[in-house]
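These are my notebook entries on one chain. I set down what I looked up, entry by entry.

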Amino acid sequence: MQAIRSILVVLEPDRPEGLALKRAKLIANVTQSHLHLLICDKKSDHSAYLSDLAASLTAEGFSATTQQDWLDNLHQTVIAAQQAEGCGLVIKQHYPDNPLKKALLTPDDWKLLRFCPAPVLMVKTDRPWTGGVILAAVDVGNSDGEHRTLHAGIVSHGYDIASLAQGTLHVISAHPSPMLSAADPTFQLKETIEARYREECRAFQAEFDVSDERLHIEEGPADVLIPHIAHKLQAVVTIIGTVARTGLSGALIGNTAEVVLDTLESDVLVLKPDDIISHLEELVAQR
């Protein structure tokens with residue numbers, strides 16, 4: 001996160017609380033990142049609002065530029081600006097969708113999480129990060145190269161945010177429930193599954209310096225456990241990674257991040273491995 005030189009902040013003038021900008025300023029204070037403010041709107045002119053905002057940020061010592069734009073939809077507008085400006089992080093405030101609308105249409109924020117080549121921070125709360133718990137969600141049971149690289153990115157960002165906020169990093173890893181039909185006897189008993197995960201976690205803990213007190217291994221589906229542990233720890237940020245679903249163009253996000261977006265009570269940072277980022281950048285370039 002220290003390497004981020006430019007942050008894209010998605011603004012919504014009709015929602016005055018401006019939580020995305022508050023988080024962006026917090027991060028930029030530490031990383032000295034440039035702030036690029038974007039309003040996605042094709043109807044109203046927001047140039048005066050953006051000009052005043054840029055002037056006040058400059059007076060506070062920040063480097064800031066502004067843009068109003070609209071392509072076919074919100075997520076494409078954001079991604080085009082992110083690519084054009086070379087922003088290493090996108091920050092947007094998340095507003096839960098109406099359940100009926102969500103059942104009929106894929107929410108804009110889901111599309112942004114799926115297709116944006118950069119990490120996306122969805123801001124959900126105005127709770128200060130300072131001194132809080134940062135929760136990193138990993139899948140220790142998957143130790144292939146792609147997951148290992150992703151885990152390294154998740155934990156690295158977790159430590160960066162914990163340092164930035166003077167907080168504490170905790171790690172959650174879900175393991176599957178026992179299956180009597182499993183070919184491997186290890187997966188037939190809860191005790192043996194947990195023991196195997198604990199063993200696999202030893203190497204993970206040693207590599208990433210995570211103590212037993214800060215590692216939470218639980219049985220069940222990740223999309224239920226992550227919000228549960230985040231609530232229990234009163235996490236201020238939850239970091240989730242995604243690897244591609246095979247067979248679906250190689251660019252779709254794993255649905256855990258989408259499902260937990262509305263149920264988590266914390267801000268959510270979603271990361272992707274480099275190969276997915278490269279693929280998404282190619283898709284954007286083809287448009």
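I fix one cut-off before starting: a residue is buried when its relative accessible area is under 20%, exposed when that area is over 50%, and partly exposed in between. The model I am reading is predicted.

**Entry 1. W129**

I looked up W129 and found it in the loop between β5 (120–123) and β6 (133–137). Is W129 buried or exposed? Its relative accessibility is 2%, so I enter W129 as buried, the cut-off being under 20%. I then listed its contacts, leaving out residues up to four places away in sequence: W129 touches R23, L26, I27, L121, I161, L164, A165, V236, V237 and D267. For one of these, L164, I also took the C-alpha separation from W129, which is 8.9 Å across 35 residues of chain.

**Entry 2. Nonpolar cores**

I next asked which residues have the most contacts inside the largest nonpolar core. They are I7, V9, L35, L37, I91 and W129, in a core of 48 residues. Helix α6 (residues 145–165) gives the most to this core, contributing seven residues. Another core lies apart from it, with 33 residues, among them I79, C116, L261 and L264. As background, I note that in soluble globular proteins nonpolar side chains tend to be buried together.

I followed I91 further. Not counting residues up to four places away in sequence, I91 touches I7, L8, V9, V10, A20, R23, A24, I27, L121 and V123.

**Entry 3. L19 and R148**

L19 is in helix α1 (residues 19–31). Its relative accessibility is 9%, and L19 therefore counts as buried. Beyond four places in sequence, L19 touches Q93, V123, K124, T125 and D126. I also took the C-alpha separation of L19 and H94: it is 9.5 Å, with the two positions 75 residues apart along the chain.

R148 is in helix α6. At 43% relative accessibility, R148 counts as partly exposed. The C-alpha atoms of R148 and P273 are 9.8 Å apart, although the two residues are 125 apart along the chain.

**Entry 4. Packing of α3 and α5**

Two packed helices are described by the angle between their axes and the distance between the axes. For helix α3 (residues 74–85) and helix α5 (residues 108–115) I recorded an angle of about 35 degrees, with the axes 8 Å apart. The crossing of α3 past α5 is right-handed. Which residues make the contact? On α3 they are L74, H75, V78 and I79, and on α5 they are D108, K111, L112 and F115. By class, the residues of this contact divide into five nonpolar, one polar and two charged.

I then turned to L71, which is in the loop between β3 (64–69) and α3. L71 has a relative accessibility of 36% and so counts as partly exposed. Leaving aside neighbours within four places in sequence, L71 is in contact with Q76, T77 and A80. The C-alpha atoms of L71 and C40, 31 residues apart along the chain, are separated by 8.4 Å.

**Entry 5. Positive phi**

Most residues other than glycine have a negative phi. I noted two residues with the opposite sign.

- D209 has a phi near 55 degrees, a positive value in a residue other than glycine. D209 is placed in the loop between α7 (190–208) and β8 (215–219), and its relative accessible area of 56% makes it exposed.
- Q234 also has a positive phi, near 55 degrees. Q234 lies in the loop between α8 (222–233) and β9 (235–241), and at 45% relative accessibility it counts as partly exposed.

**Entry 6. Whole chain and confidence**

For the whole chain I entered ten helices and ten strands. Of its 287 residues, 49% count as buried. Among contacts between residues at least 6 apart in sequence, 76% join residues at least 24 apart.

The mean pLDDT of the chain is 83, and 80% of the residues reach 70 or more. Where is the pLDDT below 50? I find this over residues 244–254, a stretch that has 26 contacts in the model beyond near neighbours in sequence. Where pLDDT is low, the predicted coordinates should not be read in detail.

Methods. Residues numbered from 1 in each chain as written. Heavy atoms only, no water. Axes fitted to C-alpha atoms, helices over the stretch in contact; angles between N-to-C directions. Helix = DSSP H or I, 4+ residues; strand = E, 2+ residues; numbered from the N terminus. Left-handed = near helix turned anticlockwise from the far one by under 90°. Contact = heavy atoms within 4.5 Å. Nonpolar A, V, L, I, M, F, W, Y, C, P; charged D, E, K, R; others polar. pLDDT = per-residue confidence, 0-100. Core = buried A, V, L, I, M, F, W, Y, C linked by side-chain atoms within 4.5 Å. Buried < 20%, exposed > 50% of the residue type's maximum accessible area, 1.4 Å probe, protein only.
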